[in-house]
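Okay, everyone, thanks for coming. I'll pull up the structure now, and then we'll walk through it piece by piece.

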Amino acid sequence: MEEEREDGVSFGELIHAVVKKIWLILGISALVTIVAVLGTVFVVNPSKTVYEICFSIDYPEKDDLKYPDGSAFRYLDIIGLENLEKAKASDEKFKDIDVNAINTGNGLTIQEGKYGTNKETGAYGIIEQPGSYILHIYGSYFADRNEANDFIRALVNVPVENIKDLIGKMDFYVNLNAYNSVSTYSEKIDSLNAQKKFILDRYDLLIEFLGEDYEVRYTEGDQQVTATLRAARSNASLCFNTFVEETFRTELKNNQYLYDKAEDNKIRVQIQIEDKEIQIKQNNALLEVLKADRDALIDALANVNSGAPIGDSALGDYTTRINDLIAENNKLQREIDVLAASLISEGNQEFRAQEEDFKRRLDDEWEKLNDVTGICKQVALALYGAESEAQFETAGVTLYADGYSVLLIAIGSFVLTFLIAALIVCVIDVPRYRKKRLAEEAVSVETEEGSAEETTVSSEENKE
């Protein structure tokens, strides 16, 4: 019996060891449980949480996938580091969000499309939809769902603010500025024409996006004006219309006004005169040949027909070509006279007065276009500010969680830790307890044996 007790461990010994260190075991179990719960709540579960938001961005150029300045709109730029930093800077409450980690950790993705039913398969899921986007981001980057929702919305609104900034910085007067830097009247007319086209194209873009009956409010002089896009465009179209442009071009062609009277321009005009004189000489030489051929044909036909009248049909081709060359020479000579007059315009008071009037009227057209350009910019700023926006399909982010139950983690952690701690205590303390108990039992046996011997000796002594 004594050997069996030495070799085995009784249940009572185990219970004794556990009860003796029960508070230590419970403390360790509680501490591990707390750590496990906190790790699950703040580390494990957030890493398995994904926030999703579906949205589209409305602005006039969205169908062309371009920004107002003509540069390409790339939806992947929405989740770029630059936009992430702008979103973080938009509100002080985002100061603790690590945008560098988001950018480098592949925790943020975006794809083009939206949720819907596939027309071919009838299955519900992500379908192709240009201009609509689905964004996913891990929850581990945020303190809670509210912070995630606010930051993601701020991020989506960054390109909207970029669009508004581009309109504000956009140079609506680029062609009007060019008007003052070119050196010929022809280039000035081209600048005015380009500005007119720019304004009408801008109105057409806004009308396509919002409709021609969309009302806008702008300042004209000292007055506040409310008008439809159709009316604003119509007002702009009256400036430098086709008839006015062609009138200027015709007058310039007929008079060859020189805006820049520098020596190099005079040389250019002189070269034009010489070129036209050469053309006249070439035409005159061809006229002599045609007239000689015509006369020879007349003589030949007269001999054949013995004095009969010669019909126009026989000479028609020669007559037409000769008349065309004479008309062209007359035209070239008129152009030479105009060019020559432009070279001596400084001494020709009448010509100089005509040129000054031409310049004044052209400058008036510049002023008119400058005014309607200012109105166009006011309209664009107002409309982009009001109509450029992110459209969200849901009120907040959608949460997809694949985490663990905190209650189960707490119970499991406590029970498992308690068992492990109890086992460790038993492994360490039970041998010590048994050794101590066995030592005590040995002392007790020796004491009992000594007492028995003493009793025997006493008995023997009594007998003696």
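So, cavities: the count comes to 1 cavity of 30 Å³ or more. Keep in mind that this is a predicted model. The volume of the largest cavity is about 30 Å³. Who lines the largest cavity? That would be Ile57, Tyr59, Lys62, Leu65, Phe73, Gly131 and Tyr133. Sort that lining by class and you get 5 nonpolar residues, 1 polar and 1 charged.

Let me stay with one name from that lining, Leu65. Where does Leu65 sit? Leu65 is in the loop between β1, which covers 49–58, and α4. Now look at the backbone: phi for Leu65 is positive, about 55 degrees, and Leu65 is not a glycine. As for solvent, Leu65 has 36% relative accessibility, so it goes down as partly exposed.

There's another residue of that sort, Phe240. Again phi is positive, at about 45 degrees, and again the residue is not a glycine. Phe240 belongs to the loop between α9 and α10, with α10 running over 242–255. Is Phe240 buried or exposed? Its relative accessibility is 2%, so Phe240 counts as buried.

Next up, the open space. The general idea is that rolling a probe the size of a water molecule over the atoms shows where empty space is left. The largest pocket holds about 280 Å³ of space. Its lining is made of 16 residues, and the ones that lie nearest the centre are Tyr67, Glu82, Asn83, Lys86 and Asn162. Two elements each give two or more residues to that lining: α4, at 81–89, and α6, at 145–169. Which one gives the largest share? That's α6, with 5 residues. If you're thinking about the chemistry in there, the classes split as 7 charged, 5 nonpolar and 4 polar.

Okay, let's turn to a helix pair. Rotate to α8, residues 185–210, and α9, residues 229–237: their axes come within 10 Å and cross at roughly 170 degrees. Anything over 145 degrees counts as roughly antiparallel, and α8 and α9 are therefore roughly antiparallel to each other. What meets what across that pair? From α8 we have Lys196, Ile199, Leu200, Tyr203, Asp204, Leu206, Ile207 and Leu210, and on the α9 side there are Leu229, Arg230, Ala232, Arg233, Ala236 and Ser237. The residues of that contact come out as 9 nonpolar, 4 charged and 1 polar.

While we're on α8, click on Gln195, which is also in that helix. Gln195 has 0% relative accessibility, so it counts as buried. What does Gln195 touch, once we set aside neighbours within four places in sequence? The list is Phe172, Tyr173, Val174, Asn175, Leu176 and Thr373.

Then there's Thr228, in strand β7, which spans residues 223–228. The relative accessibility of Thr228 is 17%, and that makes it buried too, because the cut-off is under 20%. Leaving out residues up to four places away in sequence, Thr228 touches Glu212, Asp213, Tyr214 and Glu215.

Now a couple of pairs that are separated along the chain. Take Leu31, in helix α3, residues 22–47. Leu31 is exposed, at 55% relative accessibility. How far is Leu31 from Ser413, C-alpha to C-alpha? The separation is 9.8 Å, with their positions 382 residues apart along the chain.

The other pair starts from Asp337, in helix α12, which covers residues 312–343. Asp337 has a relative accessible area of 45%, so partly exposed is the label. Its partner here is Asn255: the two C-alpha atoms are 9.0 Å apart in space, and the residues are 82 apart in sequence.

Let me zoom out before I stop. How many helices and strands does the chain have? There are 14 helices and 9 strands. Of the 464 residues, 34% count as buried. And if you take the contacts with a separation of 6 or more, 76% of them are between residues 24 or more positions apart.

That's what I had, so let's go to discussion.

Methods: Residues numbered from 1 in each chain as written. Predicted model: local features only at pLDDT ≥ 70, side-chain atom pairs only at ≥ 80, totals over all residues. Heavy atoms only, no water. 1 Å grid on protein atoms, 1.4 Å probe; cavity = no way out; pocket = protein on both sides within 12 Å on 5 of 7 lines; lining within 4 Å. Points joined across faces, edges and corners; volume = space filled by probe spheres on them. Helix = DSSP H or I, 4+ residues; strand = E, 2+ residues; numbered from the N terminus. Nonpolar A, V, L, I, M, F, W, Y, C, P; charged D, E, K, R; others polar. Axes fitted to C-alpha atoms, helices over the stretch in contact; angles between N-to-C directions. Parallel < 35°, antiparallel > 145°, perpendicular 65-115°, else oblique. Contact = heavy atoms within 4.5 Å. Buried < 20%, exposed > 50% of the residue type's maximum accessible area, 1.4 Å probe, protein only.
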